[in-house]
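Visitor: I am new to this structure and should like to learn how the terms applied to it are justified. Please take me through the reasoning step by step.

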Amino acid sequence: MNRNKIKKIRDSEKIAAGEVVERPANVVKELIENSIDAGAKEVRVIVKKAGKTLIQVIDDGIGIPSDEIEFAFERHTSSKIRGIEDLETLSTLGFRGEALASITAVSQVEIISRTENEEAGIQLYIEGGKLLEKKEISCLVGTNIKVKNVFYNIPARQKFLKSDSTELGHITDIMQRYALAYPGIHFIYRHNDLDVLNCPVNDLKTTVFHIYGKKNAKYMESIDYSEEDNDFKIYGLLGHPEVSNKNRNYSSLFINHRYVISDLLYRAVQEAYKGTLMVGKHPFFILHIELDPSAIDFNVHPKKLHIRFENEDYIFNKVYNVIRNFIEETFIEKEAKYISTEISDYISNKEELALTDEENESQAASTSKRTTQKIVEVRDESKDLIDRKDQMVEESVQLHLTESITKRKSIKKQMPETYIRDKYIIAKNFPKIRLIPYTGQLSNNIYVVLEGTSQDGEQGLYILDQHAASERITKEYFLKMYESSKRSKQQLISPLKLEVNPSEKFFIESNLKEINMLGFTFEHFGGNTFILREIPTIMGKLPDVKIINEIIADITEIGKDKTFSEIKEEIINYLACHKSIRGGDELTLKNIRNLLIDLANCKNPFHCAHGRPTLKFISFKELDKLFKRTG
Ligand code: ADP
Ligand code: MG
């Protein structure tokens, strides 16, 4: 690998300026980019205390000549770019020639480097941008740089750093993206003497295996597309709809080997997956796009994360078409079953419906046999409501229905005396509420109608938002469990083996105790595998591995930018509104009553975890006014 001399960049002020170093992960990124540019085959990253005390990067690249090394630490000096015009043909990761200068300005740096042509290497100590020592040293060809105590001289910045788990999460993210961007480089990444990632030189699929685990790797298909003139290439791995995710962070896009965040290209890929994924799911992919550097403008962001294209429509359509063709061939035509997510859902819903209809009939039939007292006629849409009421018969609540139920007529007005016990739910600081004959779910299982007396003694109608209510109940359940020593959890008869990715592993390991306090007992099994032994009682039966993995992924994501005390509430809110924890939407009357009792027992029964109301009251007086019954 040839190297150019390090020189001052002309017109450097025209290159997107901004903070290069805001957190340890930025340092890691700049340093490994330099190693990659130096042609390294192996890059070893050693981090202590989430990069706050030490970030060391050792590479076997071409090294820095001893007579240039000092100059490399000055602002806007580079061996890669000479002037702004070079950004047009950018083929290295270098950018503004200021990474080393920015890093040494805020930390204590020790660097050892040697080129092939030199007998010995050179060692420098630089602190807060000042060179303290320079000496010859014997060492291997390559560069070994230690960055200690980032922001040691800017306490305000140091304070701004997040928890170790958050900062480490950012570093891990960077390491993963670069391992995916350069499968031809052996990346080793250790934190506090533990291996976090060790990705030997391999094909992309094996790298995905190292990072995202067996299952994800198994479900990825290789794409390799290039155009005759080789000016446009797309290659990488496209995940099958099976391994879609709830958020898009797992996917990576690389343009000319740079990891980028491009909403435009992301949308192009997502659009290409249309019809294969369930609503709210994102495709999983690792895609490399290579194109003429002059068509892209990297000069919009100091960290080079965002880009602009000369012709956005052109690139969008191009990417969309290539990916769409591939998806149609690979996931839709060849394996028709993969498109089935939506269709099979649709079919199974239909089947369920059909079944329910039959069940309804038989249930209704048995109801009519058992109940023979007063006549109640029902409207069509009240049919399944009555079916649910059937279950209440078994719960010794006297519900009297008749044969006419199945005949679907309309509710008679004089129903009141014929049904449920005259029983109110009474609790401190809670209105007196009871179920009424028409109690049931409205508007696709969103609302429940009830009757009661407000705390001011007004009588009227209560409308319960069942989701909001159960969210509140679940939230208080988790809060209580977290704050007391009593854990309401259930042991799994067959513990669940879960494969996680490095960030998730780190998150679980560093918050094992807190996660346990929420009712989940994880045990490290080795590698990236955990055993889940207990789950919160409120979850009822154990959900699918997929759902547990989804919960872990989401919680890790929530934990990424926050300290634990901040995320505690967020995680509880998340758990509180998670469907598989909250339970199904169909409620029996017993469920409704229990929901009300649980809600009445809450400390803050009137608002859900997100602050929406759980219960609304319309007094009969107001109704009278609405209907102009009062003057
Ligand atoms: P840039 O990467 O934009 O050129 P940097 O401040 O990151 O600017 O680095 C300045 C110069 O130092 C680089 O252009 C390169 O010549 C040299 N350099 C930095 N790190 C390494 C390394 N690990 N191996 C070889 N040369 C390096
Ligand atoms: Mg650089």
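**Terms and their grounds**

Guide: Let us begin at the ligand: a backbone N or O atom of G97 lies 2.9 Å from an oxygen atom of ligand 1. Please note that the model is a predicted one.

Visitor: What makes the approach of G97 to ligand 1 a polar contact?

Guide: A polar contact requires a pair of N or O atoms within 3.5 Å. The atoms of G97 and ligand 1 are 2.9 Å apart, so the pair meets the definition. R3 provides a further case, with a polar side-chain atom 2.6 Å from an oxygen atom of the ligand. In T143, an N or O atom of the side chain is 3.3 Å from a nitrogen atom of ligand 1.

Visitor: How do you know how much of ligand 1 the protein covers?

Guide: Taken alone, ligand 1 exposes 530 Å², and the protein buries 96% of that area. The ligand is surrounded by 21 residues, the closest being R3, N34, S78, S79 and K80. At least two residues of this shell come from each of helix 1 (24–37), strand 4 (77–78) and helix 3 (99–105). By class, the shell has seven nonpolar, nine polar and five charged residues.

Visitor: Why is Q176 called buried?

Guide: A residue counts as buried when its relative accessible area is under 20%. Q176 has a value of 3%, and therefore it is buried. This residue is found in helix 5 (residues 164–181).

Visitor: Which residues are in contact with Q176, leaving aside its neighbours within four places in sequence?

Guide: They are L197, I211, Y212, P502 and S503. P502 and S503 also appear among the buried residues of helix 12.

Visitor: What makes helix 12 "mostly covered"?

Guide: Helix 12 spans residues 502–510, and seven of its nine residues are buried. Besides P502 and S503, the buried residues are E504, K505, F506, F507 and I508. At the N-terminal end of helix 12, N501 acts as a cap, with a side-chain oxygen 2.9 Å from the backbone nitrogen of E504.

Visitor: How many aromatic pairs does the rule give?

Guide: The count comes to eleven aromatic pairs.

Visitor: Why is the pair of Y178 and Y182 called stacked?

Guide: Rings pair if their centres lie within 6.5 Å, and planes under 30 degrees apart count as stacked. The centres of Y178 and Y182 are 6.5 Å apart and the planes stand at 0°, so the pair is stacked. Y178 is buried, at 3% relative accessible area, and Y182 is likewise buried, at 13%.

Visitor: What makes the pair of Y266 and F285 tilted?

Guide: Tilted is the class for planes that are neither under 30 nor over 60 degrees apart. The rings of Y266 and F285 are 5.5 Å apart, centre to centre, with 40° between the planes, and the pair is therefore tilted. This pair links distant parts of the chain: Y266 belongs to helix 7 (residues 263–272) and F285 to strand 15 (residues 285–291), 19 residues apart.

Visitor: Are these two residues, Y266 and F285, buried or exposed?

Guide: Y266 counts as buried at 5% relative accessibility, and F285 counts as buried at 0%.

Visitor: How is the protein chain made up as a whole?

Guide: The protein chain has 18 helices and 25 strands. Of its 631 residues, 51% are buried.

Definitions and conventions. Residues numbered from 1 in each chain as written. Chains lettered and ligands numbered in written order. Predicted model: local features only at pLDDT ≥ 70, side-chain atom pairs only at ≥ 80, totals over all residues. Heavy atoms only, no water. Helix = DSSP H or I, 4+ residues; strand = E, 2+ residues; numbered from the N terminus. Buried < 20%, exposed > 50% of the residue type's maximum accessible area, 1.4 Å probe, protein only. Contact = heavy atoms within 4.5 Å. Polar contact = N/O pair within 3.5 Å; in protein donor to acceptor, adjacent residues only side chain to side chain. Near = heavy atom within 4 Å. Areas by Shrake-Rupley, 256 points an atom, 1.4 Å probe, with all protein chains shown as cover. Nonpolar A, V, L, I, M, F, W, Y, C, P; charged D, E, K, R; others polar. Phe/Tyr/Trp six-rings, centres within 6.5 Å; stacked < 30°, edge-to-face > 60°.
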